[in-house]
Amino acid sequence: MASSVTIAGLGLIGGSIGMALRRSEWHVRYVDPYVDAARARSAGAADERVEDAGGELLVIATPVDVATRMKPDAKIITTTCSVMMPFKHYVAGHPFAGSDKSGLENAQADLFAGKPWFVSRDEPAVRAMIETIGARQIVVDPKEHDEAMAFTSHLPQVISTALASLIEQKRIDPMFVGGGIRTL
């Protein structure tokens with residue numbers, strides 16, 4: 001029996017979720033002002049575009065600043081942000097997968113295969129979606145998650161972005177730039 005989901009945000013993460021679920025015959029609806037229905041269907045990421053972020057299960061796959069401003073009307077709501085604390089009233093989620101590229105054009109149905117997907121609590125509908133995608137659900141404390149991510153993911157990103165900017169600003173000759181720096 002197929003299930004249904006609404007995805008708010010059909011970029012890399014939302015698009016990859018949609019592709020993986022559609023392969024398992026889930027009905028995927030989406031809300032995204034930047035992706036038209038023909039493009040979403042052509043990419044294999046969704047069946048239909050809708051105007052409201054509602055339904056039985058809603059996955060918020062937007063940047064944190066957009067997600068915190070949303071007022072969705074869905075029975076079960078989960079997120080895909082790299083922080084959990086702002087979403088205590090939802091099943092806060094963080095799929096531990098991604099890419100250095102963004103957008104629906106870079107989405108992949110197998111992006112989450114075998115990857116951990118952190119959630120703030122066990123919710124059967126969310127667990128079913130995560131398992132269908134091929135990820136491994138791990139229930140974690142939101143505060144512990146956010147503190148760990150601050151040191152292991154967010155701080156390194158800030159440092160690497162600042163370093164890349166400084167290298168550009170100083171106009172350092174590329175012949176002095178090693179492989180580690182080129183990946184910034």
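**Close-up 1. Asp47, in the loop between H2 and strand E3 (48–49).** This is a predicted model, as are all the views that follow. Asp47 has a relative accessible area of 23%, so it counts as partly exposed. Leaving out residues up to four places away in sequence, Asp47 touches Arg22, Trp26, His27, Val28 and Arg41. Tyr30 is a handy landmark here: it sits 17 residues from Asp47 in sequence, and the two C-alpha atoms are 8.2 Å apart.

**Close-up 2. Arg39, a residue of helix H2 (residues 37–43).** With a relative accessible area of 35%, Arg39 is partly exposed. Its contacts, again skipping residues up to four places away in sequence, are Tyr34, Leu104 and Glu105. Don't look for Pro72 right beside it: the C-alpha atoms of Arg39 and Pro72 are separated by 24 Å, with their positions 33 residues apart along the chain.

**Close-up 3. Leu12, in helix H1.** Leu12 has 9% relative accessibility, and because buried means under 20%, it goes down as buried. What does Leu12 contact, once its neighbours within four places in sequence are set aside? The list runs through Gly98, Ser99, Lys101, Ser102, Gly103, Leu104, Asn106, Ala107 and Leu111. Ala107 deserves a second look: it is 95 residues from Leu12 along the chain, yet their C-alpha atoms are separated by 4.5 Å.

**Close-up 4. The largest nonpolar core, with its 33 residues.** Nonpolar side chains tend to be buried together in soluble globular proteins. In this core, Leu10, Ile17, Trp117 and Met129 touch the most other members. Strand E1 (4–8), H1, strand E2 (27–31), strand E4 (54–60), strand E7 (116–119) and helix H4 (124–133) each give two or more residues. Which of these elements gives the most to this core? That would be H1, with 6 residues. Apart from this core lies another one, of 16 residues, including Ala53, Ala74, Val83 and Phe118.

**Close-up 5. Met129 and what it touches.** Start from Met129 and, not counting residues up to four places away in sequence, you meet Ile17, Leu21, Trp26, Leu57, Val59, Thr78 and Trp117. Met129 is also one of the residues that touch the most other members of the largest nonpolar core, as are Ile17 and Trp117 from that contact list.

**Close-up 6. Two of the 3 aromatic pairs found in a search of the whole structure.** Phe87 and Tyr90 make a stacked pair, 6.3 Å centre to centre with 15° between the planes. Phe87 is buried at 1% relative accessibility, and Tyr90 is buried too, at 8%. Next come Phe112 and Trp117: their ring centres are 5.2 Å apart and their planes meet at 50°, so this pair is tilted. Both Phe112 and Trp117 are buried.

**Close-up 7. The largest pocket, with a volume of about 860 Å³.** Its lining has 34 residues, and Ile13, Ala61, Thr62, Pro63 and Val64 are the closest to the pocket centre. Helix H1 (12–23), helix H3 (64–69), strand E6 (93–95) and helix H5 (142–169) are the elements that give two or more residues to the lining. H5 gives the most, with 4 residues. How many of the lining residues are nonpolar, polar and charged? The split is 17 nonpolar, 14 polar and 3 charged.

**Close-up 8. Glu25 and Arg171, two loop residues with positive phi.** Glu25 is in the loop between H1 and E2. Phi of Glu25 is near 65°, a positive value in a residue other than glycine. Is Glu25 buried or exposed? Its relative accessibility is 63%, so Glu25 counts as exposed. Arg171 is in the loop between H5 and helix H6 (179–182). Its phi is near 50°, again positive in a residue other than glycine. Arg171 is exposed as well, with a relative accessible area of 73%.

Definitions and conventions:
Residues are numbered from 1 along each chain as its sequence is written. This is a predicted model: local features need pLDDT of at least 70, side-chain atom pairs count only at pLDDT 80 or more; totals for chains, interfaces and linings use all residues. Side-chain values use heavy atoms; hydrogens and water are left out. On a 1 Å grid over the protein atoms alone, a cavity is a set of points where a 1.4 Å probe fits but cannot get out, and a pocket is an open set with protein on both sides within 12 Å along at least five of seven lines; lining residues have an atom within 4 Å of a point. Grid points are joined across faces, edges and corners, and a volume is the space filled by probe spheres set on the points. Ala, Val, Leu, Ile, Met, Phe, Trp, Tyr, Cys and Pro count as nonpolar, Asp, Glu, Lys and Arg as charged, and the others, Gly among them, as polar. A nonpolar core is a set of buried Ala, Val, Leu, Ile, Met, Phe, Trp, Tyr and Cys residues joined through side-chain atoms within 4.5 Å. Buried means under 20% relative accessible area, exposed over 50%, partly exposed in between (1.4 Å probe, protein chains only). Contact means heavy atoms within 4.5 Å. Rings of Phe, Tyr and Trp (its six-membered ring) pair if their centres lie within 6.5 Å; planes under 30 degrees apart count as stacked, over 60 as edge-to-face and the rest as tilted.
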